[in-house]
Every structure is written in structure tokens, then in C-alpha cells.
Amino acid sequence: MNAFLYGVIGQTYQRNSYTVRGSKSFVKPLKLFKANNITNTLIACTNDNQQVNPNPDLTSLLSAPGSLLLHDLETIHQLVKDMKEESFENQKEDDDSKIFGRTLTEQKFRFLQDLSGVIWNEKVAEALKHIRELTLTQFPYEEACMMISPEQGKFLSFLVRAIGARRCLEIGTFTGYSSVCIAAAMREDNESILYCLEHNESYARTAQREWTSAGLLDKVRLVLGDAMTALQNLAVEKRGWFDFIFVDAEKEKYREYYEISLALLRVGGVLCIDDTCWSGRVADEKYQDSETLGIRDLLDFMQQDSRVFACPIPIFDGMVVALKLPTTSHCDKSQILLSQKIIDVEGNIAVGKTCLVQSLLSRLETRGMTPCVFEEDPNHAFLAAFYDKPETFGFSFQMYMLKLAQQVVIKSQHYLFRDSSNVALIDRSVWGNRVFAECNYHLGNFSREEYEIYESVYNETQFQPDYLIYLDASPTVCLERAKKRGRSAEQGLQLSYLEALDTFHLQHLISTIFEGRVKVLVFNCHIFCTAEQILEKMRGDSYDCKLIWNDQSTERKEYLWFLHLPEDCYYKMAKGMTNEEWFDLLYSWNLFQTTEITDICLPWLTSQDQVTSYQYQAFKRLVCFALSASITVQFYKHIK
Ligand SMILES: C[S@@+](CC[C@H](N)C(=O)[O-])C[C@H]1O[C@@H](n2cnc3c(N)ncnc32)[C@H](O)[C@@H]1O
């Protein structure tokens with residue numbers, strides 16, 4: 001007998017009439033599977049299909065993308081040989097709900113559980129079991145079958161853990177089965193979060209109870225309401241932010257969900273789309289209903305979409321997983337790079353960036369990472385011409401440098417994407433470039449119109465390092481170092497230029513710290529800091545901003561004292577204060593005289609939610625003002 005058993009794992013396509021109608025060889029396995037509550041339904045055919053399959057639905061099913069040749073008959077027989085046949089006779093053959101989604105307890109199928117308990121600990125396993133039972137017994141069959149199968153749940157956990165996801169999103173939560181699988185597998189740190197979009201309040205409440213009993217409530221953020229509205233809101237702030245997105249809501253909107261999900265996903269993130277077989281209907285043109293069309297259109301579209309690498313998975317009712325690829329554009333707003341992999345080293349000319357980057361390079365290598373340095377390498381003649389006549393070449397040179405920096409963004413993205421151990425060390429990025437451009441504009445080397453052009457091109461660039469390491473030294477020290485290294489283009493370097501650059505660097509540094517999106521380490525480099533010191537700080541990292549002094553000199557402390565704020569400042573920030581109150585507060589704390597600074601942290605940067613964006617901005621402005629008032633008066637006089 002030359003028979004094959006085809007199956008879509010866990011699929012409930014079965015109409016028993018098909019499956020028992022064919023060869024006797026697979027009737028027994030089928031019965032045994034059912035008797036043992038195995039969700040898999042096998043669809044079988046002989047080597048000449050017609051004998052088994054007079055029904056056109058089965059033909060289309062077998063040709064559907066989700067169909068999978070599981071085993072030859074002998075393997076199936078081997079698989080079921082120890083199964084018990086008890087109670088099978090009493091089961092109503094086509095009572096789908098009896099078979100659908102039962103928890104698998106048979107030894108043979110223990111692989112469906114997380115035996116190590118590492119990902120699905122006891123609470124999670126219990127919750128998953130409970131959700132299945134509750135959903136199958138308390139919801140009508142048509143609703144209950146919206147829940148993903150246990151195998152899919154495990155697959156979701158697998159994917160999330162495999163990519164180390166911690167920022168996840170689910171579109172369509174229902175009673176919470178898939179969300180528990182995702183949340184349980186997210187990276188175990190405080191930043192891990194799963195956004196769950198669901199518009200049905202009663203489903204959402206059920207899911208919430210399950211998150212609580214699974215011990216996952218603090219990792220899940222429910223967004224109750226229309227998913228598309230929620231997605232549009234997320235797209236304002238969280239483009240390129242998510243590591244993993246699971247799409248499992250209205251099929252008619254799949255194309256729209258796909259597009260917006262892709263924008264929300266980071267490069268290297270994974271998108272998983274459910275129900276892509278849709279009981280085989282997607283493959284059968286006879287079905288033209290809006291849901292089938294929604295899925296079919298998306299699949300057709302994805303085949304041509306070079307933004308992703310997609311793979312169909314014939315599991316339950318089919319899934320497609322898609323990996324978001326890097327593009328060749330620096331200005332795709334959704335191109336946020338892989339997290340924890342970019343270190344941007346910034347600072348004034350000759351402060352010591354290149355030395356530090358080189359020593360970081362070798363240190364990271366000894367720690368099993370594969371770092372690569374990315375830097376702009378400008379044409380030296382052009383650089384010399386710019387130093388010689390900044391008012392003539394200011395704009396063209398800065399535009400040229402911006403272009404080089406944008407290429408660095410693209411190159412580093414591709415590098416990071418290639419291997420998970422890769423780390424990009426950037427020796428001055430677009431961040432530093434902008435500081436130079438702004439400074440040159442203020443020095444009169446750009447016209448206003450030119451500066452606006454620069455800004456518009458700069459604003460197209462999407463760049464988000466994980467760490468910004470700022471090396472700080474006074475302009476005098478930088479000038480000495482520039483002279484020492486003796487680059488010919490830098491021979492005419494003026495102290496006044498370094499002072500101007502210093503001020504703009506510090507202002508940008510403050511803005512960056514206060515935006516709170518990047519971890520900032522500020523190193524006092526009057527004495528060179530070592531790579532070991534920096535790595536040490538990164539390793540023990542629990543702050544969002546650190547100011548680190550590696551010597552006792554006080555010369556520069558006055559520039560940065562304002563970062564050291566008393567504890568109750570955080571509390572007051574959340575209370576809502578006017579600009580004037582803030583100003584008084586700053587004075588009352590006598591901050592302008594503070595000289596004692598050690599490691600500092602700005603804890604509210606991790607919880608921006610407590611602070612309104614107005615307060616945030618107001619605070620930022622005040623600090624900038626304080627800086628310019630107390631430190632840079634001289635500089636402004638100078639440039640005016
Ligand atoms: C297929 S079920 C999700 C099943 C769930 N992922 C699981 O494994 O248990 C789809 C869910 O999406 C929700 N939904 C459908 N349209 C929605 C919309 N426009 N906004 C928010 N939720 C929606 C439904 O209420 C339903 O709970």
C-alpha cells in the first residue's frame with residue numbers, strides 16, 4: 001500500500017467523512033489519535049488521489065500552502081502503536097469541540113510542554129491549561145476556535161525567546177492564550193513589555209485574570225479599543241521599536257495591519273501572522289469572501305515585498321513569519337537598529353575618541369563579541385580647505401560630512417543584521433556631525449537658508465544608538481592633544497573654534513540626556529579613561545545616564561554639575577510645576593555652586609510616563625538656559 005498521510009499539525013479541517021473514507025491503513029491511526037485527544041487531524045490519500053478524495057475541499061486543502069507531508073504510513077503506525085484505544089467507540093465522531101485544542105498528556109507528545117520549566121514555569125503552564133479549558137467550555141465553538149493551538153503557542157514562545165524579544169505587540173488577544181505564550185518567553189528584564197490590543201472588554205478581562213495568575217500582569221499592557229486606532233497611536237512614538245509582533249485580528253484588515261506592523265518593527269524583528277491557510281480557502285479561488293480575500297491579498301503582496309524575508313509555517317491553520325530586513329536607506333523612519341548593539345563615541349576634536357574606540361574594539365573581542373568600527377573618512381584635501389576657509393566651504397563641507405555619516409548609518413545597520421554577536425562602534429555619528437554643523441552656522445559659516453537645508457536633510461536620518469559615550473575635556477586640553485597628534489589638516493585649529501564646539505556638544509548632550517532614549521555615559525577625559533572603565537560602567541548599568549569622573553580635577557565639573565539633582569526633584573517633577581517655579585527651585589537648591597559630583601543617575605528617564613512632555617521640555621529648556629547663562633556667556637560674546 002503506497003499511502004501517505006498528510007496533515008496540518010493540530011488542524012481541524014477534518015470532516016471525518018473524508019478521512020475514514022479512504023484506505024483502511026489510516027483509519028486506525030486516525031481513531032487512535034482521536035481516542036488520545038490528539039489535536040492533529042490527519043488527511044490521507046493514496047498515491048493516486050482520486051480514490052480517496054471525491055471531495056473538492058480536500059483537494060484544495062492538500063494543495064494549500066499549509067499542507068504538509070508529515071510521515072509515511074509506517075512512521076505513523078509506529079507513532080501510535082502504544083496508544084490506548086479506550087473510550088474511542090463512545091466518542092461522537094464529528095464533535096470537533098471534543099478534539100479541538102485538548103491539552104496533550106500522552107507521553108509521546110510531551111514535547112508540547114516546556115519540560116525544563118524555564119520558559120513556561122509552573123504558573124504559566126497552569127494558566128495556559130486553564131485558558132484552554134475555560135475557553136473551550138465557556139465560549140461557543142465559533143468563538144473558542146479563535147484561540148491558537150497549543151503547538152502554535154509553543155512556537156510563539158520559541159520565536160520570542162530565540163530572538164531575545166522584549167518589546168512585543170499582539171493584535172487580537174481574545175482570552176489570552178497567545179499573549180501568555182509571548183509574555184512568558186520575553187527577556188527577563190524590567191523593560192520587557194507586551195502590548196495587547198483587544199476591543200472586546202469581556203475577552204480582555206478574561207485575559208487579564210489569566211495574566212495575573214500566570215504572574216505576568218506587570219509585563220503586559222492592555223490597550224482596550226480598536227486595534228487600528230491603537231496602532232496609529234503607537235506609530236507616533238514607537239516606530240521601529242518592537243522586536244516581535246503577532247497579528248491575529250480581523251482578516252479583512254490584514255494588509256493594513258501588516259503595513260503598520262512593519263513600521264513598528266525594528267530591523268531584525270519578527271512579524272508573525274496567524275490563520276494564513278484559513279482552512280485551505282486562501283488557495284482556492286472559489287472563495288471570494290472578504291476574510292479570505294484579506295489574507296490572500298496579503299500573502300500575494302508579501303511574495304513581492306523585499307522589506308521582509310517571509311516563511312510560511314503549516315501549523316494549525318497556518319502562520320507566516322517574516323523577518324524585517326535592513327534597507328539601503330538612512331531615512332526610513334522605521335529603521336531603528338537592533339538593540340544593545342550600537343555604541344556611539346562622541347566628543348570634541350582630539351579629545352581621544354579614536355584611541356578609546358580602538359581599545360574598546362579589542363576589549364569587546366576578548367568578550368566574544370565581534371565589534372567593527374565605523375567612521376567617516378573625509379577627503380583630507382577638502383578637510384584642509386574647510387579649515388582654511390570655513391566661511392567658503394562651511395556649508396558644502398558639512399553637507400558632505402552628513403552624507404558620509406548617513407552612509408555609516410546604513411553600513412552599520414547591515415553589519416548588525418548579519419550576526420547577533422556583531423557590535424557597531426561608531427567614531428562620531430550623525431549626532432556629532434549635527435553639532436559641528438550647528439556650531440558652524442552660529443559662527444557665521446552658513447546662511448540661515450543653508451542651515452535649514454542641512455536640518456531638513458539631517459532630520460531624514462533615523463539613528464538610535466544604545467549607548468552614547470561622551471568624552472569630555474576642556475578645549476585647552478583638546479588643543480594640546482591636537483597639536484601632539486600633528487595631523488596636517490589640524491595645524492591651524494583655533495582654541496576659539498574648539499570652545500564653540502565644546503558648548504554645542506554640551507548643549508546637545510543635555511538634550512539627548514533629557515530625551516531619555518539613549519543611555520549616556522559622560523567621561524571626564526582630562527586624564528584618558530580606559531576602555532575597561534567604560535565597559536565596567538556599561539556592565540553594571542542600571543541607570544540611564546551616568547556622569548563619570550575618573551580623576552579628581554574640578555576644572556570641568558562646573559560645566560556638568562547641573563546633572564546632579566536632589567532626590568525630591570524627581571518627586572516635584574511629577575507634580576506639575578510652572579517654569580518660574582522650576583527656576584526658583586533650581587536656585588533654591590543652590591545648584592549653580594555645586595561642585596561635588598560622583599556617579600549620578602536620572603531615574604525618571606526610565607519612567608517618562610510620570611512626567612508630562614511639557615514639564616520635560618520646560619525642564620530641558622531651563623537646564624540649557626542655566627548652562628548658557630553661567631558658562632557660555634563668554635562664548636556667545638565671542639561669536640557675536
Ligand atoms: C483570532 S482572535 C485572537 C486569538 C488570540 N490571539 C488567541 O490566541 O487566543 C481575534 C481577536 O481580535 C479581536 N479583534 C477583532 N477586531 C478587532 C479590532 N478592530 N480591534 C481590536 N481587537 C479586535 C477580537 O475581539 C478577538 O478577540
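These exercises work through a predicted model of one chain, from its overall make-up down to single residues.

**Exercise 1. The chain as a whole**

Task: State how many helices and strands the chain has, and what share of its residues count as buried.

Solution.
- Step 1. Take the elements. The chain has 26 helices and 16 strands.
- Step 2. Take burial. The chain has 640 residues, and 43% of them count as buried.
- Step 3. Look at contacts with a separation of 6 or more. Residues 24 or more positions apart account for 79% of these.

**Exercise 2. The ligand shell**

Task: Find which residues are closest to the ligand, and which elements give two or more residues to the shell around it.

Solution.
- Step 1. Count the shell. The ligand is surrounded by 19 residues.
- Step 2. Pick out the closest. They are Gly172, Phe174, Ser178, His199 and Ala227.
- Step 3. Assign elements. α9 (177-185) and β5 (193-198) each give two or more residues to this shell.
- Step 4. Sort by class. The shell holds 9 nonpolar, 6 polar and 4 charged residues.

**Exercise 3. Helix α9 and the nonpolar cores**

Task: Is α9 mostly covered or mostly open, and what does α9 give to the largest nonpolar core?

Solution.
- Step 1. Check burial. In α9, 9 of 9 residues are buried, so the helix is mostly covered. Ser178, Val180 and Ile182 are among them.
- Step 2. Go to the core. The largest nonpolar core has 71 residues, and Val180, Ile182 and Val247 touch the most other members. α9 gives the most to this core, with 7 residues.
- Step 3. Trace valine 180. Beyond its neighbours within four places in sequence, its contacts include Val124, Leu128, Ile131, Trp211 and Leu216.
- Step 4. Add the other core. A second, separate core has 53 residues, including Ile343, Val345, Phe397 and Val477.

**Exercise 4. The seven-stranded sheet**

Task: Give the strand order of the open sheet of 7 strands, then place helix α12 against the sheet.

Solution.
- Step 1. Write the order. It is β6-β5-β4-β7-β8-β10-β9, and the pairing is mixed.
- Step 2. Find the edges. β6 (220-224) and β9 (308-313) each pair on one side only.
- Step 3. Note the twist. Neighbouring strands are turned by 15 degrees against each other on average, direction ignored.
- Step 4. Place the helix. α12 (residues 254-264) packs on the sheet and touches β4 (167-171), β7 (242-247), β8 (265-274) and β10 (319-324). The direction of α12 makes about 170 degrees with that of β7.
- Step 5. See what is covered. Tyr254, Tyr257, Tyr258, Ile260, Ser261 and Leu264 are buried in α12. Their cover includes β4, α11 (227-237), β7, β8 and α13 (290-303).

**Exercise 5. Bridges in the sheet**

Task: For β5 with β6, β4 with β7, and β7 with β8, count the bridges and give one residue pair.

Solution.
- Step 1. β5 and β6 run parallel, joined by 5 bridges. Cysteine 196 stands opposite leucine 222 in β6.
- Step 2. β4 and β7 run parallel, joined by 4 bridges. Cysteine 168 has phenylalanine 244 in β7 as its bridge partner.
- Step 3. β7 and β8 run parallel, joined by 5 bridges. Isoleucine 245 has leucine 271 in β8 as its bridge partner.
- Step 4. Check the burial of β7. In this strand, 6 of 6 residues are buried.

**Exercise 6. Strand β14 and glutamate 480**

Task: Why is β14 described as largely enclosed, and which class of exposure does glutamate 480 fall into?

Solution.
- Step 1. β14 (residues 467-472) has 5 of its 6 residues buried, so the rest of the structure largely encloses the strand.
- Step 2. β11 (residues 342-347) pairs with β14 in the parallel sense over 5 bridges. Glutamate 346 stands opposite tyrosine 470 in β14.
- Step 3. Glutamate 480 is in helix α19 (residues 475-485). This residue is partly exposed because 13 other C-beta atoms lie within 10 Å.
- Step 4. Glutamate 480 and alanine 350 are 130 residues apart in sequence, yet 8.6 Å apart in space, C-alpha to C-alpha.

**Exercise 7. Positive phi values**

Task: Where do phenylalanine 174 and arginine 428 lie, and why do they count as buried?

Solution.
- Step 1. Recall the background. Most residues other than glycine have a negative phi.
- Step 2. Phenylalanine 174 has a positive phi, near 55 degrees. It lies in the loop between β4 and α9. It counts as buried because 25 C-beta neighbours lie inside 10 Å.
- Step 3. Arginine 428 has a positive phi, near 70 degrees. It lies in the loop between β13 (422-427) and α17 (430-442). It is buried because 23 other C-beta atoms lie within 10 Å.

Terms used. Residues numbered from 1 in each chain as written. Predicted model: local features only at pLDDT ≥ 70, side-chain atom pairs only at ≥ 80, totals over all residues. Buried ≥ 20, exposed ≤ 12 C-beta atoms within 10 Å, placed from the backbone. Contact = placed C-beta atoms within 7 Å. Near = placed C-beta within 6 Å. Nonpolar A, V, L, I, M, F, W, Y, C, P; charged D, E, K, R; others polar. Core = buried A, V, L, I, M, F, W, Y, C linked by C-beta atoms within 7 Å. Pairing = 2+ DSSP bridges. Axes fitted to C-alpha atoms, helices over the stretch in contact; angles between N-to-C directions.
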